[in-house]
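Student: I am new to this structure and would love a close look at one part of it. Could you pick a strand and tell me what lies around it?

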Amino acid sequence: MTAMQTGAARATVTEMPEASLARARRFVDERHLTPDTWAAMREWYAAEPGRPFVVRDFLRPEWAQAMHAAMRDLPVWSRCATVYTNARDSAEIQEQEWEGNPNRAARHFVARPLGEALQNGTVPDAHRRTLEQFFAFCVLTDTLRDWISAGVGFPLEPRTSVELAAYRAGDRIRRHQDLFPGRVMAVNFYLDADHEPGTGGRLGFRNEAGHDELVEPYFNTLSMIPVREECWHWVEPYAGAGTGRYTVSIGQHLLGRPHQVRWEETQ
């Protein structure tokens, strides 16, 4: 779906609803709750060819640090290696079969089964509260969606896909498009406080003109990329020591358009 196609469905959203704005102030740095930010976002989404939209120091520092600690200490990280089954879908395989597979898609850690771990006491209480409140902010309420909508000018579907991921040396995601019905953008929170530039794991984006841009996953950075038929994205191989590049990835969908609803942790 292109920006031009989406334009027909745009609402006259110019600012966040007051209730969402009040909730956002708990999590988002005040510098990013301004008309200037939303104007820049509107210009970004309408631009052709497309490009990533990157916001440094997006979360309030205490929330970024709390999310880093919670993700680093999650007891439910498991290895996940996938291959493409068609142009859009993938399936999990044994990790030892991944490297030589011509259809390899992604390899990294995913947090699963996260919902069960949050409910059964596996996650320490402080981290559980952090994760539950963060999910309320970015998924379970309209807070993050209203922040995005205030910029791009159209409403987003409440249901979405969410993945918590981490990487070790050699892990990556190969070039793909995410052309799920109704999906208009991908949102990433980078939450590794120990990230060092030059250790790989950058988000790659190729736009309609064939131009590549790389986004460094600096700690407490938010990135958004448009999902369009002519655009591609990937994560280059990670080369850091140990486990890192802790990331929360969220697919955003246009309100009223059919789409797949899935929690990536269940794949």
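Tutor: Gladly, and we can begin with the cysteines: searching the whole structure turns up zero disulfides, a disulfide being a pair of cysteine sulfur atoms within 2.5 Å. Cysteine 80 shows why: its sulfur lies 20 Å from the closest cysteine sulfur, that of cysteine 138, which is too far for a bond. With a relative accessibility of 7%, cysteine 80 counts as buried, where buried means under 20% relative accessible area, exposed over 50% and partly exposed in between (1.4 Å probe, protein chains only). Cysteine 231 is buried too, at 2%.

A word on what you are looking at. This is a predicted model, in which local features need pLDDT of at least 70 and side-chain atom pairs count only at pLDDT 80 or more, while totals for chains, interfaces and linings use all residues. Residues are numbered from 1 along each chain as its sequence is written, and side-chain values use heavy atoms, with hydrogens and water left out.

The chain averages a pLDDT of 91, and 91% of the residues score at least 70; pLDDT is the predictor's confidence in each residue, from 0 to 100. Over residues 1-13, however, pLDDT is below 50, and this stretch has 35 contacts in the model beyond near neighbours in sequence. Residues 258-267 also stay under 50, with 33 contacts beyond four places in sequence. Here a contact means heavy atoms within 4.5 Å.

Now for our strand. I have picked β7, residues 183-190, which is mostly covered: eight of its eight residues are buried. Strands (E, at least two residues) and helices (H or I, at least four) are DSSP runs, numbered from the N terminus.

β7 has a partner in β12, residues 244-253, and the two run antiparallel over seven bridges. Another partner is β10, residues 221-226, again antiparallel, this time over six bridges. Two strands count as paired if DSSP finds at least two bridges between them. Valine 187 is a good place to see both pairings: it stands opposite isoleucine 250 in β12 and opposite methionine 224 in β10. As you trace the strands, remember that in a regular strand the side chains alternate between the two faces of the sheet.

Let's step across to β10, where serine 223 sits. Serine 223 is buried, with a relative accessible area of 0%. Its side chain and that of tyrosine 190 are joined by a polar contact of 3.0 Å. (A polar contact is a pair of N or O atoms within 3.5 Å; within protein, one must be able to donate a hydrogen and the other to accept it, and residues adjacent in sequence count only if both atoms are side-chain atoms.) Leaving out residues up to four places away in sequence, serine 223 also touches Ala186, Val187 and Asn188, among others including Phe53, Leu203 and Val215.

On the other side of the pairing, β12 holds arginine 245. Arginine 245 has a positive phi of about 50° although it is not a glycine, and at 4% relative accessibility it counts as buried. Aspartate 178, in the loop between β6 (172-176) and β7, likewise is not a glycine and has a positive phi, near 60°. Aspartate 178 is buried, at 17%.

Finally, see how the nonpolar residues gather. In soluble globular proteins, nonpolar side chains tend to be buried together. The largest nonpolar core has 55 residues, of which Trp147, Leu164 and Phe189 touch the most other members; such a core is a set of buried Ala, Val, Leu, Ile, Met, Phe, Trp, Tyr and Cys residues joined through side-chain atoms within 4.5 Å. Helix α6, residues 125-140, gives the most to this core, with six residues. A second, separate core of seven residues includes Tyr190, Leu203, Phe205 and Val215. Back in the largest core, the contacts of leucine 164 beyond four places in sequence include Thr247 and Val248, along with others such as Leu131 and Phe135.
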